[in-house]
Structures are given as C-alpha cells and as structure tokens.
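Biologist: Please take one part of this model, a place where a chain turns back on itself, and examine it closely. Then set that part in the context of the whole.

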Amino acid sequence: MKKTINIPIGSQHIALLEPVRFKFECENEKIVGVDSDVGFVHRGIEKACTTKFKYDAIGYVVARVCGLCAITHSMTYTASIEKLIGGEITQKAKYLRILLLELDRIHSHMLCLSHTCENAGFEAMFMRIMGDREDIMEIQELITGNRVQFDYISIGGVNRDIDAALAKKILSKLELVRQKVLGYMDEFTNNWSLSLKFKGVGILTLDDAYRFNAIGPLARASGVQADVRNEIDYLPYNEIGFKMQKHTEGDINARNLIRLNELLNSIEMCNNILEGLPEGEIFTKLRGKPNGESVVRFEAPRGELMYYVKANGSAMLERVRIKTPTFSSIPAFSHIFTGANYADAPAILASFDPCLSCTAK
Amino acid sequence: MFDFKPIRKKSPWILHYNAGSCNGCDIEILACLSPKYDIERFGVINTGNPKQSDVFLVTGPVTFRSRERLIELYTQMPEPKVVMAVGSCTCTGGVFRDMYNVENGLDRYIPVDVYVPGCASSPELIIDGLVKALEILESKTKEIEKPFKLFREASLDNTIVNRRNSALKVGEDTTDDEKN
C-alpha cells in the first residue's frame with residue numbers, strides 16, 4: 001500500500017497571491033517530495049519585445065513583467081540600452097533613480113513581511129504592516145503620480161523632478177516609517193509565539209545555498225555575501241551609505257531579520273539622497289540607435305535580475321532575455337520544503353517572497 | 001418602528017483570481033483590504049472558496065493556461081454572481097494585447113458586469129467598482145426571486161416561443177410581399 005499522500009496547493013489558493021501549483025508528497029506530517037508548476041502566467045513578453053515594440057517603448061513594457069519590482073525591470077533594461085548607445089546621464093537623475101528603486105524595495109519587503117506573518121497566523125501584524133506600507137505608497141504617488149506602475153525611468157534620465165517642499169514632506173514620512181520598522185524589529189525578535197513559527201523552520205545551510213544557487217535575501221540569510229548593489233558601477237551606491245546585510249542561521253527568522261535590516265538601510269539611503277540631492281538637469285537626450293550586445297545585472301527586491309539585450313542598429317531589437325530572481329531560486333525552494341512540516345509550508349513559501357509573474361514572464 | 005430595510009445591504013464576499021496579471025492590481029486589491037481603505041468593515045471578505053463568494057474579481061489578460069481554471073471557478077460560483085474585470089489588461093488586453101500566449105481580455109470567455117480600468121487600478125477605483133457590483137448583485141437577486149410560470153403565455157415579449165413565432169410571421173409576410 002502507498003504510504004504517502006499528495007496534497008496540492010494552488011493554482012488558486014487563499015494563501016497565494018498568484019497562480020502557482022505546488023504538489024506536496026506527505027508522509028504523515030512531513031513533506032517528502034515537492035513538485036512545482038510555475039507557468040500559469042506566461043504571457044510572451046520577450047517575444048513581443050522583439051516583434052511588437054520599438055526599443056524606446058520597451059522600458060515601459062518590461063515594467064509590466066512584475067508589478068512589485070516594476071522599476072527594477074525598467075531600470076535594468078534602460079541601463080543596458082544606455083550602455084549600447086553610450087551616453088552619460090546626469091548625477092541628479094542617477095540619485096533620483098536610486099531613490100525610487102529603494103522606495104520600491106521598502107514597500108516590497110514590507111509586503112513580504114506582512115504576508116509571512118499572515119501565513120503564520122498572525123493576522124494583526126499583517127494589518128499593521130500593510131497599514132504602514134501605505135505611507136510608502138503615498139510617497140511614490142507624490143513623486144511619480146501613480147501608486148504601483150509608475151513609469152518613472154526613461155532612456156536618458158527620469159520623467160519627473162522633486163522640489164524642496166516635496167523632499168521635506170518625504171523626509172518626515174520616512175522618519176515615521178523608520179520608527180515603525182524599529183517597532184517591527186522588536187516584535188520579530190522578542191515575540192514568543194512568532195519565534196515558534198519562524199525560528200529553526202525552513203533552514204537553508206550555507207553549503208546548500210551555494211549548491212542550489214540561491215540569491216537575494218534567501219542567500220544572505222544563509223551567510224552568502226552576494227548583493228549586486230555592491231558590485232555595479234552605473235549607479236553610485238557606494239556614495240550613499242549602502243551596507244551589506246548578513247545572517248548565518250538560514251531559517252525564516254533570519255530572512256525576516258535580513259529584510260528588516262534592509263528596510264532600515266534603504267530608509268537611511270533615501271534620507272541621504274534627499275538631503276544631498278545635487279543640482280542639475282534630470283533628463284539628457286541620448287542620440288543614436290543601440291547596436292551590439294550588453295548584459296546588465298541589478299539587485300531586485302528578491303535577488304539578482306539580469307538582462308541580455310542584442311541590437312542591430314535599427315529600432316527593433318534582436319533579442320531581449322530576462323533572467324528573474326525567483327526563477328533561479330526554485331531549486332532552493334524545493335530543497336527547503338523537503339523535510340519540513342506540512343503545517344509550516346505556507347509560512348515557508350511566503351518567506352521566499354516568490355514572484356511568479358516575474359518567473360513566467 | 002425604525003425601518004432598517006433601505007439601509008441593509010448584502011455583504012459581498014469576493015473571490016480573487018490572477019489570470020496572468022503583473023501583480024500590480026493584486027497588491028492594490030490587497031491594499032483595499034488593509035487598514036487605510038479597509039473594505040472589510042463593510043463585510044467584504046476575500047474568500048478562497050468559489051462556493052461561498054458573490055463577486056468574482058479577475059486580474060490580468062487571460063493566459064492560455066489559466067483559461068480552464070477561470071471557467072471552472074466561474075461555474076462553481078452559485079447564482080447570483082457578478083464578475084469584475086480589474087485593470088486595463090483585463091478589460092481589453094492592454095499592453096499585452098496580441099502577445100502569443102494571451103487572450104485579449106476577460107470578456108471573450110465569461111460575461112463581465114463591471115470594468116475597472118487603470119494600470120494599475122487604484123484602490124479607490126476598485127472600491128467604486130465594488131459599489132457598482134453590489135447594485136448589480138441586488139438587481140440580479142431580485143430577478144432570481146421573481147416568480148415565473150413554467151409555461152409562459154405566447155403574448156409575453158422576450159420568450160423563446162414568442163420570438164420564434166414573430167420570426168415566422170416576418171418570413172410569411174415577406175413571402176406574401178413577393179407574391180403580391
């Protein structure tokens with residue numbers, strides 16, 4: 001007689017934001033095998049980038065790959081085109097780009113933390129973090145005019161400027177958010193019932209992190225020192241106080257603490273940018289068509305995002321390849337699930353912060 | 001005695017399905033349920049169960065692989081039900097229109113009652129759409145509660161029998177005209 005039971009989660013499930021199907025093979029309470037299916041939201045954006053849209057419009061199309069890290073997608077694409085055209089953008093535009101990228105990272109991490117709490121059964125914390133997240137959404141709306149899909153970055157600079165009054169308003173709001181994040185820090189480290197759900201659950205060791213090619217907060221929680229923001233030179237991250245976060249435990253709690261520390265670091269970076277914003281133009285017109293190949297990497301909220309662009313001097317590109325963070329992390333996900341309790345599966349899944357619309361494109 | 005009837009409204013429970021959207025509209029629906037907009041205080045609860053829900057919120061242009069699930073969920077929902085298309089790409093296909101793995105919009109598959117535009121739709125727009133959906137739900141409920149005869153009289157309009165009869169009549173008239 002067969003001893004295992006198959007339990008599916010998805011493709012439509014209350015704990016999931018997006019359609020993904022996991023098939024858990026369970027022996028009593030333990031999960032012994034995982035099968036995942038991520039292709040429900042495949043739309044064919046890579047093909048459309050080479051057939052339907054011209055190169056100057058694709059920055060706004062690839063933003064629709066994912067709503068949570070939209071600005072990172074358009075930033076990475078824009079950087080690869082700017083590399084091919086060979087123009088230099090102003091210092092102010094660079095700083096404004098970093099500002100929006102970090103605001104995006106803050107609201108994405110807050111969503112992930114709240115979702116982890118909800119899936120662990122702590123509904124009140126979910127509501128608390130989601131309520132505080134609205135401050136960041138308001139800041140984004142003030143700067144760009146839209147809450148989620150702000151098409152802020154264009155080839156040659158950014159689309160809107162900020163003035164002194166707006167900067168002051170944003171600084172006061174960021175200070176409020178910082179106080180609240182310190183409050184979460186206390187809750188996540190000292191709450192006893194949360195520690196039962198998070199500490200020692202879903203462990204990824206350092207060796208396994210290397211073996212399964214984990215990236216982003218998942219890898220940093222296991223002790224891998226990998227952050228693309230530390231390695232790139234086309235955005236001045238080293239000037240504004242970027243600090244690499246690191247933990248060694250590798251469980252859900254470590255991932256949460258990594259995200260909380262990154263929140264604090266991102267808020268600090270935003271403060272530094274707003275206080276020392278240089279004068280100048282926000283947009284320079286770049287002349288010429290892209291020609292050649294380029295590869296650009298960037299740190300999305302979930303890990304390394306890579307774009308490969310091949311152009312032939314005309315308005316249509318030859319190839320756009322998008323390698324998204326969740327896609328690389330799927331082997332590590334499957335490894336963590338085996339051996340865990342089935343009751344912990346939703347919390348573990350939320351702690352990865354998977355983005356399936358990124359993965360399927 | 002105070003009359004409660006005009007104030008009382010049904011609390012619509014919603015079922016949310018992502019049919020290939022970019023997550024933008026999904027997090028805005030989540031923001032609707034969070035403390036700032038808080039539609040849960042009006043009894044709007046996000047259920048994961050199609051058999052208990054009244055309003056079907058769909059985001060995303062319908063991708064090939066999500067079609068079956070979409071129709072399955074729609075058929076599992078009990079009558080009366082209202083379908084809301086949230087986001088530009090759900091209404092018309094939007095930026096994904098004519099991509100190879102995408103059906104252009106939700107209304108090619110299931111009848112849509114409320115269209116909520118925007119990329120991504122803001123929470124205010126989604127709440128406005130839900131208020132509209134509530135009105136439609138009420139009218140649909142009334143329609144269902146109406147008593148009806150199993151064998152309708154032929155004189156009533158909009159019955160199949162009546163339409164067939166009138167169609168025959170038109171045909172006869174034309175033949176008569178030709179004869180004349």
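**A hairpin and its surroundings**

Modeller: In the hairpin formed by β2(A) and β3(A), A:Asn28 adopts a positive phi near 55°, and 2 residues lie between the strands. This is a feature of a predicted model, and the description that follows should be read accordingly. The two arms of the hairpin are β2, residues 21-27 of chain A, and β3, residues 30-37 of chain A; they pair in the antiparallel sense through 7 bridges. Across the pair, A:Glu27 faces A:Lys30 of β3(A). In a regular strand, side chains alternate between the two faces of the sheet.

The hairpin belongs to a chain whose secondary structure amounts to 13 helices and 8 strands. A compact globule of 361 residues would have a radius of gyration near 21 Å, and chain A agrees with this because its own value is 21 Å. Along the principal axes, the C-alpha atoms of chain A fill a box of roughly 70 × 45 × 35 Å. Of the 361 residues in chain A, 50% are buried. Among contacts in chain A with a separation of 6 or more, 69% join residues 24 or more positions apart.

A second antiparallel arrangement in chain A is an open sheet of 3 strands in the order β6-β7-β8. Its edge strands are β6 (291-300) and β8 (317-323) of chain A, each of which pairs on one side only. On average, neighbouring strands of this sheet are turned by 10° against each other, direction ignored. Helix α3 of chain A, residues 70-85, packs on the sheet and touches β6 and β7 of chain A, with its direction at about 150° to that of β6(A). Strand β7 of chain A, residues 303-312, runs antiparallel to β8(A) and is joined to it by 6 bridges; in this pair A:Ala311 stands opposite A:Leu317 of β8(A). Helix α11 of chain A, residues 325-337, lies across β6, β7 and β8 of chain A and runs at about 130° to β7(A).

A helical position can be examined in the same detail. A:Asn253 is part of helix α10 of chain A, residues 252-275. This residue counts as buried because 22 C-beta neighbours lie inside 10 Å, where the threshold for burial is 20 or more. Leaving out residues up to four places away in sequence, A:Asn253 touches A:Ser195, A:Phe198 and A:Lys199. The C-alpha atoms of A:Asn253 and A:Ser351 are separated by 8.9 Å, although 98 residues apart along the chain.

The remaining context is the partner chain. In total, 32 residues of chain A are in contact with 29 residues of chain B. On the side of chain A that touches chain B, α1 (45-51) and α5 (123-144) of chain A each supply at least two residues; the largest share, 4 residues, comes from α5(A). That side of chain A consists of 16 nonpolar, 10 polar and 6 charged residues.

The largest nonpolar core has 147 residues, and those touching the most other members are A:Cys49, A:Val62, B:Leu57, B:Val58, B:Met84 and B:Val86. Helix α4 of chain A, residues 91-119, gives the most to this core, with 14 residues. Apart from its neighbours within four places in sequence, B:Met84 has contacts that include B:Val55, B:Phe56, B:Leu57 and B:Asp113; also among them are B:Val114, B:Val116, B:Gly129 and B:Ala133.

How values were computed. Residues are numbered from 1 along each chain as its sequence is written. Chains are lettered from A and ligands numbered from 1 in the order in which they are written. This is a predicted model: local features need pLDDT of at least 70, side-chain atom pairs count only at pLDDT 80 or more; totals for chains, interfaces and linings use all residues. Two strands pair if DSSP finds at least two bridges between them. Two residues are in contact if their C-beta atoms, placed from the backbone, lie within 7 Å. Ala, Val, Leu, Ile, Met, Phe, Trp, Tyr, Cys and Pro count as nonpolar, Asp, Glu, Lys and Arg as charged, and the others, Gly among them, as polar. The radius of gyration is taken over C-alpha atoms; the globule rule is 2.2 Å times the number of residues to the power 0.38. A residue is buried if 20 or more other C-beta atoms lie within 10 Å of its own, exposed if 12 or fewer, and partly exposed in between; C-beta atoms are placed from the backbone. Axes are lines fitted to C-alpha atoms, for helices over the stretch in contact, and angles run from 0 to 180 degrees between N-to-C directions. A nonpolar core is a set of buried Ala, Val, Leu, Ile, Met, Phe, Trp, Tyr and Cys residues joined through C-beta atoms within 7 Å.
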